[in-house]
Amino acid sequence: MRLERIQRHLDRINKPPLFTIQSPDGDIIDCVHKRKQPAFDHPLLKNHKIQKIPPEIPKLKTSVKTDAMMSRDVVSNNSKSGVVDWQLWHQNGTRCPAGTVPIRRSEVHDVLRAKSLYDFGKKKRHGLPIARRVDAPDVVSGNGHEHAIAYTGGSEEIYGAKATINVWEPSIEVVNEFSLSQIWVLSGSFDGSDLNSIEAGWQVSPELYGDSRPRLFTYWTSDSYQATGCYNLLCSGFVQTNSRIAIGAAISPVSSVEGSQYDVTILIWKDPKLGNWWMVFGDNTLVGYWPAELFTHLAERATMVEWGGEIVNSRANGEHTSTQMGSGHFGDDGFRKASYFRNLEIVDSDNSLSSAQDISILAENTNCYNIKNAYSSEWGTHFYYGGPGRNPQCN
């Protein structure tokens with residue numbers, strides 16, 4: 001009976017493909033007609049028309065020197081060709097036909113790794129963002145999630161956020177733990193049940209994907225991670241418009257200590273004309289959007305942004321996990337050892353980008369994972385973050 005229930009769920013989320021691509025990493029990519037994608041099963045999107053007019057991508061206000069000035073040691077997976085190259089399923093040259101979107105297929109064994117069918121594709125309730133607790137006594141909350149983040153002060157009017165994120169392959173100790181590096185765009189109350197969050201970045205999650213590769217992911221919730229929202233396209237909500245990027249696909253190549261550094265740029269912002277929250281990957285590749293109808297507070301604007309790393313510490317053997325955050329190096333180790341977020345930017349009410357000012361940083365347990373922020377003309381507001389988890393000072 002359980003398998004029947006799982007199969008029924010999979011039949012709902014895996015839409016009939018017009019074309020299927022087998023990826024060398026084991027993924028199956030289904031090319032699904034864009035009107036048939038999971039988003040349109042959502043009761044709030046029954047009459048939703050896909051946004052045809054592309055939104056205006058925010059531009060930088062100031063003359064911060066951008067990637068052209070960057071250190072030669074960094075390869076951004078951001079160029080037009082790079083957007084294609086980092087996805088393994090493109091390697092044999094096949095593409096999804098025009099008018100379709102690539103969706104990573106979910107299978108029975110993916111669901112069986114989750115705690116339950118209900119939990120499949122969802123963040124656990126206690127994965128709440130943490131800037132809310134900065135002044136509270138329970139910052140070291142013991143709920144199993146640990147962070148190293150930078151964040152903007154609350155109560156600002158924010159219409160989006162951007163960053164370029166260094167990509168690594170942190171090791172995960174226990175299958176139900178994860179390590180991610182992401183942007184959170186937030187609005188609503190942190191202590192109630194109405195927090196709205198839009199999230200994107202890369203994650204290593206053996207439970208969700210069945211392997212240890214870093215993968216591009218998205219997430220959303222409109223009720224503090226209770227009943228709404230999910231990762232990627234594992235429920236209805238996110239509307240994909242791009243036929244070449246598969247959300248949930250592995251990112252390669254990855255950075256190595258003292259070796260080549262690879263990073264990806266992600267921008268999430270609210271289209272001032274139609275109010276949908278769009279995601280751009282790389283320089284200006286539109287991936288898709290979260291329709292305004294999904295949200296309460298974010299239907300207006302965001303009030304806080306967080307950037308950084310998060311891991312799950314399940315204390316499987318009664319000691320701290322050795323799951324790594326970022327590269328597994330502490331932030332103090334700097335370039336080519338520690339992972340970084342660079343060019344942290346905020347979108348304001350006139351749809352322009354500016355360097356994030358007055359950010360605060362937070363790590364609950366700096367003996368396990370930490371963060372060091374800085375400013376430079378090339379990398380703007382940036383930080384190094386991460387750590388090894390269990391060590392003599394972290395147990």
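Trainee: Why is Arg105 called partly exposed?

Mentor: In this predicted model, Arg105 has a relative accessibility of 25%, and because buried means under 20% and exposed means over 50%, with partly exposed in between, Arg105 counts as partly exposed.

Trainee: What makes the contact between Asp30 and Arg105 a salt bridge?

Mentor: The side chains of Asp30 and Arg105 meet at 2.8 Å, N to O, and since the cut-off asks for a side-chain nitrogen of Lys or Arg within 4 Å of a carboxyl oxygen of Asp or Glu, the pair is a salt bridge. It links distant parts of the chain, with Asp30 in strand 2 and Arg105 in the loop between strand 5 (100-104) and helix 3 (108-113), 75 residues apart.

Trainee: Is Asp30 buried or exposed?

Mentor: Asp30 has a relative accessible area of 4%, and the limit for buried is under 20%, so Asp30 is buried.

Trainee: How do you know that Arg215 and Asp27 are buried?

Mentor: The relative accessible area of Arg215 is 0% and the relative accessibility of Asp27 is 5%, so both values meet the rule of under 20%. Their side chains form a salt bridge at 2.9 Å, N to O, which joins strand 10 (residues 215-221) to the loop between strand 1 (19-22) and strand 2 (28-33).

Trainee: Why are Arg390 and Glu319 called partly exposed?

Mentor: Arg390 stands at 30% relative accessibility and Glu319 at 33%, and because partly exposed lies between the limits of 20% and 50%, that term applies to Arg390 and to Glu319.

Notes: Residues numbered from 1 in each chain as written. Predicted model: local features only at pLDDT ≥ 70, side-chain atom pairs only at ≥ 80, totals over all residues. Heavy atoms only, no water. Helix = DSSP H or I, 4+ residues; strand = E, 2+ residues; numbered from the N terminus. Buried < 20%, exposed > 50% of the residue type's maximum accessible area, 1.4 Å probe, protein only.
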